[in-house]
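Let's take a walk through a protein together. Have a look at the sequence and turn the structure around a bit before you read on.

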Amino acid sequence: MFVEGFPVSGRRLKLRINEGGAKLLEVKDLNAGYDFLQVLWDVSLHVSEGEFVALIGPNGAGKTTTLRTIAGLLSPMSGEILFKGKPITHLPAHKVSRIGISYISESLNLFPKMTVRENLLLGAYAVRDRKRISESLDFVFDLFPRLAERSSQLAGTLSGGERKMLAIARGMMSNPELLLVDEPSLGLAPKLAQRVFDALQELRRRGVTILLVEQNVNITLEITDRAYVLEQGRIVLEGKSSELSQNEHVKHVYLGI
Ligand SMILES: Nc1ncnc2c1ncn2[C@@H]1O[C@H](COP(=O)(O)OP(=O)(O)OP(=O)(O)O)[C@@H](O)[C@H]1O
Ligand SMILES: [Mg+2]
């Protein structure tokens, strides 16, 4: 079925989707928020193994809240989160990261007084096997040669783009199966933003499943397989990224055309 979708309040239009692979992450009817403020309303989404999926939407829509809830930093009011078919709805963040989900937040949370290498090793804190840690270091240095060149530099002295790369690289040090990335291009010049998007595509080619939150909708719909549009805490549209980029509402609101 194909519907040229325009969101109608309270309804969710589904564009034609062709996807394979088992569901790695499943979010069902999630309601979440802060104290008495409900931010997410019946949010349902999924990411299949090997997929690159985007979550887009205006400021304040609840994108970060969605990622934080999946990452275990926020406990939902109701709904269910499944990883590989098993419920992780109320699992705390440190356990969520141990089962293979890595969350790279907008604020990066690097340790500025520690070197690039030390920051990376902190990303592997739960890994006991030294050989695996060394393999992960090789992997991220291969992915981001700039970090290899700067491995002894203090994280606080890196450029904005290098800091993003370090945050993504640190998120990879635990060998995650699923990467949740919040606004990796925020504050970066187009060239550096492109470098970060290239790295995400490379990770995807290497088999990592990714759920990406981005304001840069143009590029996001070019590089992802599927996307969800979140507005005022509700998913109003979902579909293949190539089809969403042709959708009138998406074109008008997010692509400025
Ligand atoms: N810790 C908090 N306490 C109270 N309200 C919060 C908190 N964090 C976020 N909110 C509110 O929740 C709503 C959704 O915020 P969220 O950060 O998820 O949006 P977003 O889609 O990521 O926006 P942006 O594109 O600006 O990053 C906003 O109205 C915000 O003010
Ligand atoms: Mg946000």
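What follows starts with the whole fold, then goes to some strands, a ligand and the two domains.

First, keep in mind that this is a predicted model. The protein contains ten helices and eleven strands. Its radius of gyration is 18 Å, close to the 18 Å that the globule rule gives for 257 residues, so the protein is as compact as a globular protein of that length. If you drew a box around the C-alpha atoms along the principal axes, it would be roughly 55 × 40 × 35 Å. Buried residues account for 40% of the 257 residues. And here's one about the way the chain folds back on itself: take the contacts with a separation of 6 or more, and 67% of them join residues 24 or more positions apart.

Now zoom in on some strands. Strand β2, residues 23-34, pairs with strand β5, residues 78-83, in the antiparallel sense over five bridges. Try finding Val27 and then its bridge partner in β5, Ile81. β5 also pairs with strand β6, residues 86-87, again antiparallel, over two bridges. There, Phe83 stands opposite Lys86 in β6. β5 and β6 form a hairpin with two residues between the strands, and in this hairpin Lys84 takes a positive phi near 50°.

Next stop: the ligand. Which residues are around ligand 1? They are Tyr34, Leu37, Val39, Gly57, Asn59, Gly60, Ala61, Gly62, Lys63, Thr64 and Thr65. Two elements, β3 (37-48) and α1 (63-70), give two or more residues to this shell. α1 gives the most, with three residues. By type, the shell divides into four nonpolar residues, six polar and one charged.

Finally, step back and look at the domains. The domain assignment gives domain 1, made of 1-100 + 179-186 + 213-257, and domain 2, which covers 101-175. Their C-alpha centres lie 26 Å apart. Where the domains meet, 16 residues of domain 1 are in contact with eleven residues of domain 2. On the side of domain 1 that touches domain 2, at least two residues each come from α1, α2 (93-98) and β8 (178-182). β8 gives the most to that side, with four residues. What kinds of residues make up the side of domain 1 that touches domain 2? They divide into ten nonpolar, three polar and three charged. Notice that α1 has turned up twice: it gives residues to the shell around ligand 1, and it supplies residues to the side of domain 1 that touches domain 2.

Technical notes
Residues numbered from 1 in each chain as written. Chains lettered and ligands numbered in written order. Predicted model: local features only at pLDDT ≥ 70, side-chain atom pairs only at ≥ 80, totals over all residues. Rg over C-alpha atoms; globule rule 2.2 N^0.38 Å. Buried ≥ 20, exposed ≤ 12 C-beta atoms within 10 Å, placed from the backbone. Contact = placed C-beta atoms within 7 Å. Pairing = 2+ DSSP bridges. Near = placed C-beta within 6 Å. Nonpolar A, V, L, I, M, F, W, Y, C, P; charged D, E, K, R; others polar. Domains from an automatic or database assignment.
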